[in-house]
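Work through these exercises with the model open beside you. Each task is followed by a solution in steps.

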Amino acid sequence: MTATATLTTGGRHRPDRGNSPRSGRLSARAARLLPLLPAVLLLLAFMLGPIVYALYGSLTDRAMTGPRAADPQFIGLQNYAALFSDGEFWLSLGLTVVFVLASAVIGQNVLGMLLAVLIRNAVKPLRSFVGGLVVLAWVLPEIVAAFALYAFFQTDGTLNTFLGWFGLDGTSWLYYFPMLSVILANIWRGTAFSMMVYNAALSEVPPELTEAATIDGAGAWQRFIRVTLPVIRRSISTNLLLTTLQTLGVFTLIWVMTGGGPGTQSSTLPVLAFQEAFKFSQVGYGTAIAVVTLLIGALFSAVYIRILKPEVD
């Protein structure tokens with residue numbers, strides 16, 4: 001009787017809060033999340049940590065040599081103020097946008113989709129040959145691909161030799177058309193990834209949908225626009241995100257082919273950041289350019305995630 005009284009109040013049983021359903025759910029959730037803790041700690045250490053350090057470095061006057069290398073001073077937003085008043089930065093920003101849009105958003109995605117569609121409808125020997133040839137450009141180390149493309153576009157290189165066979169005069173592509181050269185080079189370098197992504201996505205399109213559209217009288221183009229593209233919309237958005245972020249950070253290809261020149265005519269933001277930090281020893285200023293590049297990448301990511309959100313939800 002005494003034990004029963006201690007567990008009751010007013011004739012009603014007092015619930016044991018330690019074993020409540022809510023407490024049990026929280027414990028189960030914590031048990032599921034516990035294995036993710038090492039991964040979260042690694043992300044904080046190797047991703048968030050460098051970003052925070054770079055952000056702080058962009059607010060200092062750190063240099064490669066001299067007193068500011070040993071004892072950099074906090075200068076607030078002075079690097080950003082100088083950056084946004086620098087004409088070279090705005091030129092570099094415009095070149096970066098053109099480079100990303102032309103070589104990634106349009107070039108790699110459109111050509112990758114076209115190759116994926118053609119390969120799926122080609123005979124097997126041709127499919128294997130074209131697929132292997134395109135993938136070869138992607139699997140080459142970037143520095144090797146960059147030197148190969150430099151040899152292709154230089155004045156006495158492969159392209160001008162090929163044009164000469166048809167009686168056409170070549171030109172100094174890397175001098176007169178530096179951005180066109182690096183855009184075409186990046187399209188050649190990265191199209192294989194888009195082709196493989198779209199080839200996998202096209203294989204997931206239900207055949208009954210295209211068959212139904214064919215019965216309704218839709219042609220090949222109408223089936224592609226009204227059936228295939230809506231079905232693989234998520235794959236398109238994901239590939240756009242990946243190719244955009246990869247192209248935004250391209251450095252080796254441009255540096256080997258043109259060095260950002262002539263002058264600054266092919267100096268994208270990564271190239272400008274490298275030059276300011278390591279050529280002119282303005283590490284803080286170069287880091288500010290890198291932070292702006294990071295913010296542009298985050299902006300592109302937010303746009304693509306917004307496009308993906310309705311399907312994810």
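**Exercise 1. Burial along α16**

Determine which residues of α16 are buried.

*Solution.* This is a predicted model. Take buried to mean under 20% relative accessible area. Leu269, Pro270, Val271, Leu272, Ala273, Gln275, Glu276 and Ala277 of α16 then qualify as buried. That makes 8 of 11 residues, and the helix is mostly covered.

**Exercise 2. The packing of α6 against α16**

Describe how the axes of α6 and α16 are placed, and list the residues that make the contact.

*Solution.* Two numbers are needed: packed helices are described by the angle between their axes and the distance between the axes. Here the axes come within 8 Å. They cross at roughly 145°. Next, the residues. α6 supplies Glu88, Phe89, Ser92, Leu93 and Thr96. α16 supplies Leu269, Leu272 and Glu276. By type, the contact holds 4 nonpolar, 2 polar and 2 charged residues. Finally, return to burial: Leu269, Leu272 and Glu276 are among the buried residues of α16.

For the spacing, recall that an α-helix has 3.6 residues a turn, so residues three or four places apart point the same way.

**Exercise 3. The length and course of α6**

Test whether the end-to-end distance of α6 agrees with its number of residues. Then locate its kink.

*Solution.* Helix α6 covers residues 87-120, which is 34 residues. At 1.5 Å a residue, the helix should span 50 Å. Its end C-alpha atoms lie 48 Å apart, so the two values agree. The helix does have a kink of about 35°, centred on Gly107. Now look at the start of α6. There a side-chain oxygen of Asp86 comes within 3.0 Å of the backbone nitrogen of Glu88. Glu88 also takes part in the contact with α16.

**Exercise 4. Two polar residues**

Decide whether Ser194 and Thr258 are buried or exposed, and find a side-chain polar partner for each.

*Solution.* Start with Ser194, in helix α11 (residues 178-202). Its relative accessibility is 0%, so Ser194 is buried. Its side chain makes a polar contact of 3.0 Å with that of Asn239. Beyond four places in sequence, Ser194 touches Gln108, Asn109, Gly112, Asn239 and Thr243.

Turn to Thr258, in the loop between α15 (252-257) and α16. Its relative accessible area is 16%; the cut-off for buried is under 20%, so Thr258 is buried. The side chains of Thr258 and Ser266 form a polar contact of 2.7 Å. Leaving out residues up to four places away, Thr258 touches Leu174, Pro178, Val182 and Ser266.

**Exercise 5. Backbone on either side of α16**

Find the cis peptide bond and the residue with a positive phi that is not a glycine.

*Solution.* Recall the background: most residues other than glycine have a negative phi, and most peptide bonds are trans. The cis bond joins Gly261 and Pro262, with omega about 0°. Pro262 sits in the loop between α15 and α16. The positive phi belongs to Ser281, at about 65°. Ser281 comes just after α16, in the loop between α16 and α17 (283-312).

**Exercise 6. An exposed proline**

Classify Pro35 as buried or exposed, and give its C-alpha distance to Ser181.

*Solution.* Pro35 lies in the loop between α2 (21-33) and α3 (37-57). Its relative accessibility is 59%; exposed means over 50%, so Pro35 is exposed. The C-alpha atoms of Pro35 and Ser181 are 48 Å apart. Along the chain, 146 residues separate the pair.

Key. Residues are numbered from 1 along each chain as its sequence is written. This is a predicted model: local features need pLDDT of at least 70, side-chain atom pairs count only at pLDDT 80 or more; totals for chains, interfaces and linings use all residues. Side-chain values use heavy atoms; hydrogens and water are left out. Helices (H or I, at least four residues) and strands (E, at least two) are DSSP runs, numbered from the N terminus. The expected span of a helix is 1.5 Å times one less than its number of residues. The bend at a residue is the angle between axes fitted to the seven residues ending there and the seven starting there. A polar contact is a pair of N or O atoms within 3.5 Å; within protein, one must be able to donate a hydrogen and the other to accept it, and residues adjacent in sequence count only if both atoms are side-chain atoms. Axes are lines fitted to C-alpha atoms, for helices over the stretch in contact, and angles run from 0 to 180 degrees between N-to-C directions. Contact means heavy atoms within 4.5 Å. Ala, Val, Leu, Ile, Met, Phe, Trp, Tyr, Cys and Pro count as nonpolar, Asp, Glu, Lys and Arg as charged, and the others, Gly among them, as polar. Buried means under 20% relative accessible area, exposed over 50%, partly exposed in between (1.4 Å probe, protein chains only).
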